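Reader: I am new to this structure and would like to see how its descriptions are justified. Could you take me through them with care?

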Amino acid sequence: MTDTTMTPTVDAPHGGWNRAVVREVMHPTSRLVMIHLEVDHHMPHMPGQRYVVRLTAQDGYTASRSYSVASAPSESLVEICVERVDDGEVSTHLVDVVEVGDELEVRGPIGGWFAWDGVTPALAIGGGTGVVPLVSMFRYARELDRIDDLCLIGAARTFDDLPYADDIAQGCSVLALSREASPHGRPAGHIRAEDLAPHVEGREVFFVCGSTRFAETASSLLVDLGVPTHRIRVERFGSLA
Ligand SMILES: Cc1cc2nc3c(=O)[nH]c(=O)nc-3n(C[C@H](O)[C@H](O)[C@H](O)COP(=O)(O)OP(=O)(O)OC[C@H]3O[C@@H](n4cnc5c(N)ncnc54)[C@H](O)[C@@H]3O)c2cc1C
């Protein structure tokens, strides 16, 4: 579903928490869920922004966690992708329990720093579920017919472990798979300078998203390749070591 009259914004959402009705649930693996939400008072997001999901127990206890948006700004349903963290309060509910028709409380879109404007030439590097905001960037670039302005690098253990692997592989110059060769023929191995070096020149902003260890590795590689630190925007989450 698309609404091309909506333009992305980094403004804070008005009105705080909103109701979101679950319209679609997909489990690409037993540990992942993709959820499409119909959000009351929906405002289009900038690719890279996130929503906060709040769960409330019957005794009134609440738990809130952030989830990056995977959908393009023009889509009327907000898509999130959640990886199950064993014993996690919120991810276990979203992955194991949530069904079509359920209602959640959300706040968003939020975040102006890790957001791509669709114009500035960018290199975006994601590990594991850290690719989720990159998928929104890719979908936006495709809609704007500006694929050349966004280079994606996705990292995971295997192709099947990478959420949205097909999207990432389309928009991607490199799939860095640590345990198997990539479909493009890259041998198995962790992300390294040779993966990034051909894609740095001409890029003005660099997005890095993944676990703390992944984010530190990818950021250090960029700095070693001469990228000024003020051009690197980092978001840390996800379990890929
Ligand atoms: C800006 C931002 C965007 C995010 N986007 C996404 C997203 O798109 N998809 C997504 O799945 N998550 C995303 N996260 C992470 C998400 O907000 C939660 O932290 C995650 O779902 C775990 O929450 P929980 O309540 O299930 O676990 P908690 O109850 O908070 O944690 C349970 C235990 O697991 C540990 N733990 C917490 N997170 C992890 C982890 N990732 N790996 C291993 N152990 C962990 C905790 O230290 C604790 O011991 C994002 C986080 C931020 C800050």
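Author: In this predicted model, D145, which comes just after helix α2, takes a positive phi of about 60 degrees. For comparison, most residues other than glycine have a negative phi.

Reader: How do you know that the length of α2 agrees with its number of residues?

Author: Helix α2 covers residues 132-144, and its 13 residues, counted at 1.5 Å a residue, should span 18 Å; because the C-alpha atoms at its ends are 19 Å apart, the two values agree.

Reader: What makes α2 mostly covered?

Author: Of the 13 residues in α2, 10 are buried. The buried residues of the helix include V132, P133, L134 and V135 at its beginning, and also M137, F138, R139 and Y140.

Reader: Which residues besides D145 have a positive phi?

Author: H41 is one of them, with a phi of about 55 degrees although it is not a glycine, and Y164 likewise has a positive phi of about 55 degrees without being a glycine. H41 is placed in the loop between β2 (32-39) and β3 (50-56), whereas Y164 belongs to the loop between β8 (150-156) and α3 (165-170).

Reader: Why is H41 called exposed, and what makes Y164 buried?

Author: A residue is called exposed if 12 or fewer other C-beta atoms lie within 10 Å of its own, and buried if there are 20 or more. H41 has 9 C-beta neighbours inside 10 Å, and therefore counts as exposed. Y164 has 25 other C-beta atoms within 10 Å, so Y164 is buried.

Reader: Why is R192 called exposed?

Author: R192 has 11 other C-beta atoms within 10 Å, and because the cut-off for exposed is 12 or fewer, R192 is exposed. R192 is found in the loop between β9 (172-177) and α4 (193-196), and its C-alpha atom is 9.8 Å from that of L222, a residue 30 positions away in sequence.

Reader: How do you know that P109 is buried, and what is said of the peptide bond that leads from G108 to P109?

Author: P109 has 29 other C-beta atoms within 10 Å, and since the definition asks for 20 or more, P109 is buried. The peptide bond from G108 to P109 is cis, with omega near 0 degrees, while in general most peptide bonds are trans. P109 has its place in strand β6, residues 103-110, and its C-alpha atom lies 7.9 Å from that of M46, although P109 and M46 are 63 residues apart in sequence.

Reader: How do you know that β3 pairs with β6, and with β4?

Author: Two strands pair if at least two bridges are found between them. Strands β3 and β6 have 4 bridges, in the antiparallel sense, and therefore count as a pair. In β6, R50 has I110 as its bridge partner, and V52 stands opposite R107. Strands β3 and β4 (residues 62-68) have 7 bridges, also antiparallel, so the definition is met here as well. The partner of L55 in β4 is A63, and in the hairpin that β3 and β4 make, with 5 residues between the strands, G60 takes a positive phi near 95 degrees.

Reader: What makes β4 and β5 edge strands of the sheet?

Author: The sheet is an open one of 6 strands, with antiparallel pairing and the order β4-β3-β6-β1-β2-β5. Strands β4 and β5 (78-83) each have a single partner strand, so one side of each is left without a neighbour in the sheet, and for this reason they stand at the edges. On average, neighbouring strands of this sheet are turned by 40 degrees against each other, direction ignored.

Reader: Into which domains is the protein chain divided, and how many residues of each are in contact with the other?

Author: The chain is divided into domain 1 (18-110) and domain 2 (122-236), and the C-alpha centres of the two domains lie 24 Å apart. Contact involves 13 residues of domain 1 and 12 residues of domain 2. On the side of domain 1 that touches domain 2, the residues divide into 8 nonpolar, 4 polar and 1 charged.

How values were computed
Residues are numbered from 1 along each chain as its sequence is written. This is a predicted model: local features need pLDDT of at least 70, side-chain atom pairs count only at pLDDT 80 or more; totals for chains, interfaces and linings use all residues. Helices (H or I, at least four residues) and strands (E, at least two) are DSSP runs, numbered from the N terminus. Domain bounds come from an automatic or database domain assignment. Two residues are in contact if their C-beta atoms, placed from the backbone, lie within 7 Å. Ala, Val, Leu, Ile, Met, Phe, Trp, Tyr, Cys and Pro count as nonpolar, Asp, Glu, Lys and Arg as charged, and the others, Gly among them, as polar. The expected span of a helix is 1.5 Å times one less than its number of residues. Axes are lines fitted to C-alpha atoms, for helices over the stretch in contact, and angles run from 0 to 180 degrees between N-to-C directions.
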